[in-house]
Amino acid sequence: MPSACPVGGGRVDYRLRHGSYPASRTQSRKNAEELRDWVRRHGDARQKEAVGRVRRIIRAGDGESGDAYVSTDINGGTTPVRDPLATAGAVAEAFAAWKGAEQGRVAVYDVFGNPMITARAF
């Protein structure tokens with residue numbers, strides 16, 4: 001079954017692929033704020049700049065495992081990004097450090113729902 005992007009919308013029902021719908025918009029924005037707060041305290045300068053682009057984190061996992069979909073404003077925010085792939089990579093690294101999970105994958109999407117980083121293991 002093809003993968004559906006919960007951020008940009010897809011043709012396959014997300015619930016069929018993952019067993020449930022993603023977190024509500026309020027929860028996904030709260031997850032993003034928690035990541036930004038954590039990176040402010042623990043991240044390096046590159047991660048701090050990159051996570052400012054994070055808008056939502058959908059299905060953040062349970063701390064031990066799980067997949068996450070990170071929605072950003074890369075390629076469409078109020079200020080341009082010099083290196084979109086490096087920024088997406090820094091977001092994925094920051095997410096993996098924040099979750100401290102044993103296993104899981106993170107995908108980072110640009111403002112249009114296009115995948116920048118997919119299935120980065122952590």
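1. Start with Phe 95, since a good deal can be hung on this residue: Phe 95 is buried, with a relative accessible area of 0%. Bear in mind throughout that this is a predicted model. Trp 98 is buried too, at a relative accessible area of 17%, which puts this residue under the 20% cut-off for the label.

2. What do Phe 95 and Trp 98 form? The structure holds two aromatic pairs, and one of them is Phe 95 with Trp 98, arranged edge-to-face, with 5.5 Å centre to centre and 70° between the planes. The "edge-to-face" label applies because planes over 60 degrees apart are counted that way. As for the sequence relationship, the two residues are three apart in helix α4 (residues 84-99), so about one helical turn separates them.

3. Trp 98 has another neighbour worth a look in the viewer. Lys 99 lies over the face of Trp 98, at 5.2 Å from the ring centre. Right after α4 comes Gly 100, which takes a positive phi of about 55°.

4. Now the helix itself. Does its length look right or wrong for a helix of 16 residues? At 1.5 Å a residue, α4 should span 22 Å, and its end C-alpha atoms are 23 Å apart, so the two values agree.

5. Which residues of α4 are buried? Thr 87, Ala 88, Gly 89, Ala 90, Val 91, Ala 92, Ala 94, Phe 95 and Trp 98 are. The cover over these buried residues includes two helices, α2 (25-42) and α3 (45-51), along with the strands β1 (54-58), β2 (67-72), β3 (105-109) and β4 (115-121). You can see the strand part of this in how α4 is placed: α4 lies across β1, β2, β3 and β4, and runs at about 35° to β4.

6. Thr 87 deserves its own point. Thr 87 sits in helix α4 and is buried, with a relative accessible area of 15%. Setting aside neighbours within four places in sequence, Thr 87 is in contact with Ala 50, Arg 53, Ile 74 and Val 81.

7. Is Arg 53, one of those contacts, buried or exposed? With 10% relative accessibility, Arg 53 counts as buried, because the cut-off for that is under 20%. Arg 53 is found in the loop between α3 and β1. Not counting residues up to four places away in sequence, Arg 53 touches Ser 71, Thr 72, Asp 73, Ile 74, Gly 77, Thr 79, Pro 80, Val 81 and Thr 87. Ile 74 and Val 81 are also in contact with Thr 87.

8. On to the sheet that α4 lies across. The sheet is open, with four strands in the order β1-β2-β3-β4 and mixed pairing. The edge strands are β1 and β4, each pairing on one side only, and the twist averages 15° from one strand to the next. Strands of a sheet pair through backbone hydrogen bonds, either parallel or antiparallel. Here, β1 and β2 run antiparallel and are joined by four bridges. To check the register, look at Ile 58, whose bridge partner in β2 is Tyr 69.

9. Finally, the overall picture. The secondary structure comes to four helices and four strands, in the pattern α-α-α-β-β-α-β-β when read along the sequence. Of the 122 residues, 41% count as buried. Among contacts with a separation of 6 or more, 54% are between residues 24 or more positions apart.

Key: Residues numbered from 1 in each chain as written. Predicted model: local features only at pLDDT ≥ 70, side-chain atom pairs only at ≥ 80, totals over all residues. Heavy atoms only, no water. Phe/Tyr/Trp six-rings, centres within 6.5 Å; stacked < 30°, edge-to-face > 60°. Buried < 20%, exposed > 50% of the residue type's maximum accessible area, 1.4 Å probe, protein only. Lys NZ or Arg CZ within 6 Å of the ring centre and 35° of its normal. Expected span 1.5 Å × (residues − 1). Contact = heavy atoms within 4.5 Å. Pairing = 2+ DSSP bridges. Axes fitted to C-alpha atoms, helices over the stretch in contact; angles between N-to-C directions.
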